[in-house]
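Colleague: I'm new to this one. Can you walk me through it?
Modeller: Sure, take a look here.
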Amino acid sequence: MVISAVNGNSGSIYAVTTEGKVIQLSNGSWSELNDEFNKELRVKRISCCSTTLWAICGDHQVHLRLESEIPIRIREESYENQRWNPLDGFSNKLLPTDRPCYSSQDGLTDRDLKRVNLPSTAWVWDDQWHLELLHEGQHLEAEGWMYSVDFPRAYSAAKAWNSCVRRRKWVRNRRYNGLRTWVSLSPIVLNDMMEPFIDIATGGSEIPGAVAGFVAVWAVTINGLLLYREGVNLLTCPDGSNWRKIETPQGCEPCQVSVGPQGVVWILAWNGQLLTRNGITWNCETGVSWYEVPPPFKGISFNHISVGPTSSWAVSRDNEVWLRKGIDSSILGSSWTAMIGQMNLVFTGSDSQVCGLLIQDQKLYLRTGIKNEESGGRSWKMLKTEDVTFVWLAFDGKGFVQRLDDCADSYWVEPWRGQILEKLRQRHSQWQDKFADYSTAAETTDWIKNGRALLNNRWVNLGLRCCSQEPLLDVEDLRLLAVEITAIRRTENLGLVIHYLLNPPIKLLFASEEEVEDWAAHLTKVTRTSRQSTGIFAESVWALSDMGDPFVHETRVEKEDKDVPCQIEMTSDASANLSSLFIHDTPDGFYRGCGITISGIVPANACRFSVNLQCGPKIHPQEVYTAKRDIALHINPRFDTSPGSVEVVRNSYSNNMWDIEEKAGEFDLQPGDRFTMSIICQKQQYLVKINDATFTFSYRLSPFSVTHFVVKGDVNLFDVSYSIPKTGIPSHALWTQLGGHFRHVESSSGGVVWALGQDGTCWIHTGFHGGGFFKGVFGGSSHGIHPLSDEGHVNLYENQRWNPVAGFSARGLPTDRPSWSDITGLHAYNKENMSLPNRNWNWVSEWLVDYHPPDGADREGWQYATDYPSRYHTYKGSFDYVRRKRWQRKCRYTSTGPWFQFGLTKLLDISMQVDHSGRPDEPLLLWAIAANGSILRRVGVTVIKPQGESWEAVLGEHAFQSLSIGVDGRVWAITSLGAPALRHRVTLANPDGVAWLLMDRPEGNPTLRQISAGDIQVWAVDSQDRLYRRKDIVSILPEGTSWELIDEHVLHVSVGKHDQVWAVLDLKNNEPKVKERGSICIRRGITASCPGGTGWEFVIGGGWSFVCNRGHDIPY
């Protein structure tokens, strides 16, 4: 195949064949777009923008196809209003000045239920009108009434003595029924043959200030009418509302129209003249006037045009290709440039990629080498078309073509380029042969490196050298081995942070970004080499730095164990009539791979003794017989049950009750015998051996809750040893950075890892290291490394205060925030000094006013409030003395990494089941929240096919912002209003589960923002960074009973297998090691009797924003 393509943000190249079929180039192959309902439909022209295809078909009418897997569901609302009077009580008899009986929320629009109709035939009702019984997160009574003093006022669920009005909300959902099928739009006249369409164009998705989902659709009819489709929005109304006629100059009737991503509109008249539309903005979508675009030379007429983001391409009537530069700064452009070669048609994408179509030889060509500084590119490369004849093309092109095959033939390459390339190839071949017998000047494993950096505002020398076959880093007077380094993390402003064992991190500043990347890559390389890291991603913990860089916590269980001998100190307790007692802590917990071995002798007059794996706080010898502690494993050999035989009882103890005893098995152990007993913690059970007898005991309590090993009763011990697998402890493991930039990472125990970019794009981990600035760090191979990108916005706030003389102005009080600041007002910025984090980011727009900030804004973009800081609103009130305006500038991240981009769907959150076995062919539950808040589930996800097959919608009435899949198909979620919800009984036979069950918020009615579910535990974080745990979750009551406040200053929480809880903490005064914002910690002391745990164990210092241990099955 000639090209290798990965589905980008905008999809694929779409082409129309001579048979009227639409075929799609995706993943390097052509495939036809099938439509079961419109098999006979024939397409003539096509245009695409994001996930929508607009086409003119054989009936010369406009058809729409939405290539999206996200259901579009719109909630229609109508408020029933009533007023109280002394005769009738509450009734529909309203005052003449009141709002209608059925109205919109503000009361300005009549919303009679019988007159609320579907916008078009492409929509269907999902349900009937029904009452909304939830108000601000609180449940209402069965009739759903909310009471107030008058219209409009604040409403409450409780009726007061002065409640004179009331209202209730009726809702009904409608759904767009035109996904992945062609939908015909209504003609502009009754007789559609009187005004047939001949061309259509889409664009405008990047108009500054436009609402999310906006698309500009323009069309041309055979009679020269130019039409604009109003109301088109991919999120709410993909088919728009109606056509609007746009006047054109006399004698310049259009035959073709083209729209750029920034909304620039060019039309081609029948006489070959070009015109552009002036005045197109977010609040004036159709512009105000026309300007003529001057041709390159007098007498040149054009036959085809295509508008891109920074330039326009045109084909003259003699098939010459022309490029018009500079339309990003002026709608007329700046100058014309003639391109080498001839084409019949030229098409541009939203990322300046260009394709040409030459109908004579039935070939399709791609323009290569297009860059910001070289908008015309370098040459044409022919694409393989598999003997298909094209008549029209359409593609958005954003992030689409990743690389061309080296064997692709160049077409019309400029002669001087070809000559230079040929000379370079010959020279390279000569020098390569001359030095073939020489070795490289330096091995890639060299550890010697020197430099200088700022440490505590003064320059210091850095040195990396080899000492006793180990790499050693010298930072002035500090010397540390590379094996002591736990993470190397970049920061803003040319910073590099080196985390190392049990000490505050070293924070260095360098003179250039090249030095930062060079030292980061070099230190990562030698640290991994000295630690002999293998890069196994299954069962790993993932984290994101505050700059969005992904890190993986490299831990593994090795066969080599270390034995910790225990000093034997036997004590006696005559009052309890027991001969001995032995207590010992389990160092670093008791988890998979750990083992305990004891040897001793049973006294001749022994009755019984016990070996317990005990849970809970520290145990003192004097309280071991009276204190109630949970016991994960109780082994109790009894010699007094029947003469001459022994009965070994296995059991557990929790909630002040013994569980069911297990007694099966025969044991050759008698009083006076020596014995050896071993207990090994396996994945799902304990393996116990007593001399030659072996048995297992399945987990009833989590082995992570074991804190003590207790032996008591009639036994004399000779030796006790505690075996620990060689995993180290959490704070000693290495965090390795990978290429990429994300805001969310989700993993499973089988090694399936998904990530979400800042723009919601899905990425799947390829299973490799490297990417970014790690050139040659991990073996020098680029296998599994792909280009990646991300987009974001930088926000800047303009602040003003009102005064009686000047009104609102930048002159504020001495205690006010700066006139230009960030959202907190603590840091002063301006448009000139606002910089990007590093050189992977580039500005892709100028500073523009955001007219759609949270809580709304007026037509100029201002938000008003009483004072700083306060909640802002749209319009100025009588007591509003401050206002702010949010400015945004778009930026784009470009790099490489071990990730491949997947799908078109933008997501807010994703979650995989926490109890997956890790088997390659076992289906893996994966749910996600789309950008519009709807729930999706991915079908066909397995370890060997991590991308799955398709998305399926999970219908519901609520929008969501966070979700997490626990055990037994329980899906926990947080609605967009901050309320918790549960959907359980999700199975392969019933993949959608049962309906959502909404639950009450924690005490005080806080707004929850994030949730994470493990085996039993469910933890959540609210908007004030408070951490909660759901109480009393059992199989017969899976939703639990209430929320328990655990801690504060928690930025993010992740609950994994065996209910291990990891979190990112803010600065905490009561935790001595948590001295910086963004420290990663583990919750310790979680037991059945103390499910909330006892405290935090420090893992690594500040600078982190996200952690995920969902796939982590190596216990700590």
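Colleague: What volume does the largest cavity have?
Modeller: About 340 Å³. Keep in mind that this is a predicted model.
Colleague: How many cavities of 30 Å³ or more does a search of the whole structure find?
Modeller: Ten.
Colleague: Back to the largest cavity. Which residues lie nearest its centre?
Modeller: Ser 47, Thr 202, Val 259, Ser 306 and Thr 348. They belong to a lining of 30 residues.
Colleague: And which elements give two or more residues to that lining?
Modeller: Six strands are on the list: strand 5 (43-49), strand 18 (197-203), strand 22 (254-259), strand 26 (302-307), strand 30 (345-348) and strand 34 (390-394).
Colleague: Which strand gives the most?
Modeller: Strand 18, with five residues.
Colleague: How does the lining split by class?
Modeller: It has 15 nonpolar residues, 13 polar ones and two charged ones.
Colleague: New topic. Strand 26 also sits in a sheet, I see. What is the strand order there?
Modeller: The order is 26-27-28-29, in an open sheet of four strands. The pairing is antiparallel.
Colleague: Which are the edge strands?
Modeller: Strand 26 and strand 29 (335-342). Each of them pairs on one side only.
Colleague: What about the twist?
Modeller: From one strand to the next, the average is 25°.
Colleague: How many bridges join strand 28 to strand 29?
Modeller: Five. Strand 28 covers residues 320-325, and the two strands run antiparallel.
Colleague: Which residue in strand 29 stands opposite Lys 325?
Modeller: Ser 335.

How values were computed: Residues are numbered from 1 along each chain as its sequence is written. This is a predicted model: local features need pLDDT of at least 70, side-chain atom pairs count only at pLDDT 80 or more; totals for chains, interfaces and linings use all residues. Side-chain values use heavy atoms; hydrogens and water are left out. On a 1 Å grid over the protein atoms alone, a cavity is a set of points where a 1.4 Å probe fits but cannot get out, and a pocket is an open set with protein on both sides within 12 Å along at least five of seven lines; lining residues have an atom within 4 Å of a point. Grid points are joined across faces, edges and corners, and a volume is the space filled by probe spheres set on the points. Ala, Val, Leu, Ile, Met, Phe, Trp, Tyr, Cys and Pro count as nonpolar, Asp, Glu, Lys and Arg as charged, and the others, Gly among them, as polar. Two strands pair if DSSP finds at least two bridges between them. Axes are lines fitted to C-alpha atoms, for helices over the stretch in contact, and angles run from 0 to 180 degrees between N-to-C directions.
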